[in-house]
Amino acid sequence: IEFIQESMMEGVNVDQELPIESIQKSALEKLQEDRKSLPIYSYREDLLQAINDHQVLVIVGETGSGKTTQIPQYLHEAGYTKRGKIGCTQPRRVAAMSVAARVSHEMGIKLGNEVGYSIRFEDCTSEKTTLKYMTDGMLLREFLGEPDLASYSVIMIDEAHERTLSTDILFGLVKDVARFRPDLKLLISSATLDAEKFSDYFDCAPIFKIPGRRFSVEIHYTKAPEADYMDAAVVTALQIHVTQPPGDILIFLTGQEEIEAAEEIIKHRIRGLGSKIAELIICPIYANLPTELQAKIFEPTPEGARKVVLATNIAETSLTIDGIKYVIDPGFAKMKSYNPRTGMESLQVTPISKASANQRAGRSGRTGPGKCFRLYTAHNYMNDLADNTVPEIQRTNLANVVLSLKSHGIVELLNFDFMDPPPSEALLKALELLFALGALNKLGELTTIGRRMAEFPLDPMLSKTIVTSDKYKCSDEIISIAAMLSVENSIFYRPKDKQVHADNARLNFHTGNVEDHIALLKVYNSWKETNFSTQWCYDNYIQVRSMKRARDIRDQLEGLLERVEIKLTSNVNDLEAIKKSITSGFFPHTARLQKAGSYRTVKHPQTVNIHPSSGLSHELPRWVVYHELVLTSKEYMRQVTELKPEWLVEIAPHYYQLKDVEDSSSKKMPRGIGRAP
Ligand code: ADP
Ligand code: MG
């Protein structure tokens with residue numbers, strides 16, 4: 001690939017590294033020294049003073065300056081934890097876990113004691129915990145039980161610039177709490193410079209700037225657009241490895257699948273290069289990477305070797321990896337998009353914004369001058385990239401948030417103090433959906449069903465499925481399915497060299513034309529029958545780790561069932577009951593078979609296809625209910641199960657009328673016509 005250097009990103013405030021004399025120091029002493037070498041350390045006293053003087057403070061500092069790991073420790077050292085916990089929110093699970101681990105390490109204590117983290121379905125805290133890292137979504141849920149956050153003395157909304165949906169909602173809630181709790185300190189920290197906006201929102205709160213240590217970065221663009229950015233990224237990484245001076249490489253990819261694929265390709269090509277070249281250590285990092293492997297990215301690179309980190313957006317600002325000198329930026333990220341007219345939400349690979357591109361480039365200039373290779377042209381950058389990423393609240397389905405606000409007692413959503421309000425169609429759509437699901441009544445008030453649904457940290461459609469399973473006497477099966485659907489990683493293992501075996505193993509769970517949801521149940525139950533055997537997972541090409549996670553989630557869902565007074569009842573042989581429960585939550589996600597073998601959604605007609613990973617085989621059902629839509633080369637439905645159209649009228653008469661489901665013959669069509677590859 002040919003690159004041209006187009007511009008430089010200037011460095012700022014490059015201060016001298018502290019001279020470190022290392023004469024046999026204990027690891028803890030070494031860590032304490034590392035803490036002192038962070039840019040934030042010189043501002044420790046001023047920062048504590050500012051926090052003391054103001055209730056709300058906006059803190060801005062370059063990624064890696066020490067905001068997330070140090071500020072809570074400073075507050076602890078200054079005695080704030082005597083008055084209550086310090087809560088620090090992170091938009092990403094991995095960041096919450098990794099940062100908590102780092103801080104407990106720096107403090108020389110075991111994770112889960114004084115320092116802990118809390119993410120959905122995983123609570124690693126104890127009574128002793130005073131420094132609590134958590135996802136923003138978890139703090140939102142804590143609000144339900146503790147609307148005044150009485151157990152906290154400080155709340156730090158970190159990575160505020162990410163503007164996730166939960167962070168945006170938290171802004172409104174904590175702003176309100178701060179008014180009647182003058183003793184609560186509120187810190188809003190961000191890596192980017194549009195801090196004015198946060199300050200304005202929080203009634204002109206002062207801004208505390210931590211000058212960063214940033215070196216200059218050379219920006220290179222490709223001469224021509226790249227058709228295959230994965231391939232281009234790999235080629236560029238290898239070019240750097242072979243021709244450039246030492247320094248680690250960071251490649252931004254869009255998700256786990258891409259990262260795993262890139263890892264394979266790099267390994268393969270390296271073998272082809274022979275034994276003369278230096279060792280290249282490949283470190284993947286993405287949202288659901290197992291904890292043990294997460295630590296690997298922070299290990300120093302051995303002398304003579306080079307590290308290449310394959311990361312999602314998580315490495316943009318949430319995690320700082322020392323030693324990165326080269327950044328490869330294909331210019332894409334996986335993002336949710338939502339059409340408020342149709343109510344359809346899908347995940348898709350989307351070009352990033354200029355702000356993101358500049359954050360990414362900045363990752364290469366932390367410890368010395370860096371280089372950033374953009375796999376797009378300078379013209380693309382100037383003309384095609386938006387300045388900033390649209391806040392999630394403006395491109396997502398709001399049903400979940402509306403349900404949780406309603407259960408917080410916030411009735412007048414249109415008057416909620418949003419930093420950037422969502423489109424009003426999206427709010428209306430959410431209200432409509434919650435009404436259709438029976439969570440709200442005609443007046444927009446929470447119903448008993450809605451109250452029960454809000455207890456589950458799940459999408460409202462999935463919560464509704466669980467709540468209705470009571471009626472169909474199959475709550476036992478439904479929580480297993482819900483848990484399997486909530487596992488972030490893939491359940492099935494499909495190694496490149498054994499794809500055929502893996503696919504056959506997977507199809508076994510579909511024997512008898514069993515649909516996707518039911519197959520998930522079969523997998524779970526079969527595993528349970530073997531007493532949760534690891535060997536069984538290996539034999540069946542199932543990811544042990546994902547199954548353990550499913551079991552944990554299931555246990556928690558079982559606990560929540562009890563809380564909303566739903567009995568655990570099993571009805572494993574009545575597939576119709578199970579499918580009706582699913583339909584009662586997912587009836588807005590239904591599609592009807594078309595002549596060409598594709599499907600058309602029933603409400604707001606749109607052409608969709610069955611995802612290639614689906615086990616639906618032999619014959620395509622005429623009517624299906626699906627879990628989610630993903631947009632790759634086409635709109636695909638993922639996790640698909642057959643339904644009878646008359647159920648729609650029976651289960652959701654306010655949503656579907658007979659005319660919607662007229663063609664109710666349940667004839668099937670032979671498989672193979674026009675189905676996606
Ligand atoms: P900020 O929040 O300002 O971006 P952090 O507090 O996350 O900065 O990071 C400060 C320093 O701590 C960085 O140099 C980073 O390399 C280091 N660090 C953070 N997390 C870890 C970890 N899990 N392992 C090793 N080092 C870490
Ligand atoms: Mg941080």
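**Entry 1: the seven-stranded sheet**

I started at F252, which stands opposite A311 in β13. This is a predicted model, so I kept that in mind from here on. The two residues led me to the pairing behind them: strand β11 (residues 248-252) and strand β13 (residues 306-311) run parallel and are joined by 4 bridges.

I then looked at what packs on this sheet. Helix α12 (residues 354-362) does, touching β1, β10 (217-222), β11, β14 (324-329) and β17 (370-374). The direction of α12 makes about 150° with that of β14.

Next I traced the order of the strands. The sheet is open, has 7 strands and reads β1-β10-β17-β14-β11-β13-β12, with mixed pairing. At its edges I found β1 (3-9) and β12 (280-285), each pairing on one side only. From one strand to the next the twist averages 20°.

**Entry 2: the eight-stranded sheet**

I moved on to another open sheet, this one with 8 strands in the order β5-β4-β6-β3-β7-β8-β2-β9 and again with mixed pairing. Its edge strands are β5 (122-124) and β9 (207-210), and each has a partner on one side only. On average, neighbouring strands here are turned by 20° against each other, direction ignored.

Inside this sheet I checked one pair closely. Strand β2 (residues 56-61) runs parallel to strand β8 (residues 185-190), with 5 bridges joining them. L57 has L187 in β8 as its bridge partner.

Which helices did I find on this sheet? I noted α3, lying across β2, β3 (85-90), β6 (131-135), β7 (152-157) and β8 and running at about 170° to β3. I also noted α4, which packs on the sheet and touches β3, β4 (115-119) and β6. The direction of α4 makes about 170° with that of β4.

**Entry 3: ligand 1**

The two helices came up again when I turned to the ligand. I found 17 residues around ligand 1, with K67, T68, T69, R102 and F298 the closest. The elements giving two or more residues to this shell are α3 (67-77) and α4 (93-106). I sorted the shell by class and got 4 nonpolar, 10 polar and 3 charged residues.

**Entry 4: the annotated span and α14**

I looked up the record next. An unreviewed UniProt entry lists residues 234-409 as "domain: Helicase C-terminal". In the model that span is 34% helix and 25% strand, and its end C-alpha atoms lie 51 Å apart.

Is helix α14 (residues 399-407) mostly covered or mostly open? It is mostly covered, with 8 of its 9 residues buried. Among the buried residues of α14 are N400, S404 and K406, alongside V401, V402 and L403. The buried residues of α14 pack against α5 (136-145), α6 (165-180), α15 (424-436), α16 (448-454) and α17 (460-469). Just after the helix, G409 takes a positive phi of about 85°.

**Entry 5: the partners of β22**

I finished with strand β22 (residues 623-631), which runs parallel to strand β16 (residues 344-351) with 3 bridges between them. There, Q348 stands opposite L631. Strand β18 (residues 590-593) is also joined to β22 by 3 bridges, but antiparallel, and R592 has W623 as its bridge partner.

What does β22 form with β23? The two make a hairpin with 3 residues between them. Strand β23 (residues 635-642) pairs with β22 in the antiparallel sense over 7 bridges, and I noted E635 as the bridge partner of L631.

Terms used: Residues numbered from 1 in each chain as written. Chains lettered and ligands numbered in written order. Predicted model: local features only at pLDDT ≥ 70, side-chain atom pairs only at ≥ 80, totals over all residues. Near = placed C-beta within 6 Å. Nonpolar A, V, L, I, M, F, W, Y, C, P; charged D, E, K, R; others polar. UniProt positions renumbered as here; feature names shortened; annotations may be inferred. Pairing = 2+ DSSP bridges. Axes fitted to C-alpha atoms, helices over the stretch in contact; angles between N-to-C directions. Contact = placed C-beta atoms within 7 Å. Buried ≥ 20, exposed ≤ 12 C-beta atoms within 10 Å, placed from the backbone.
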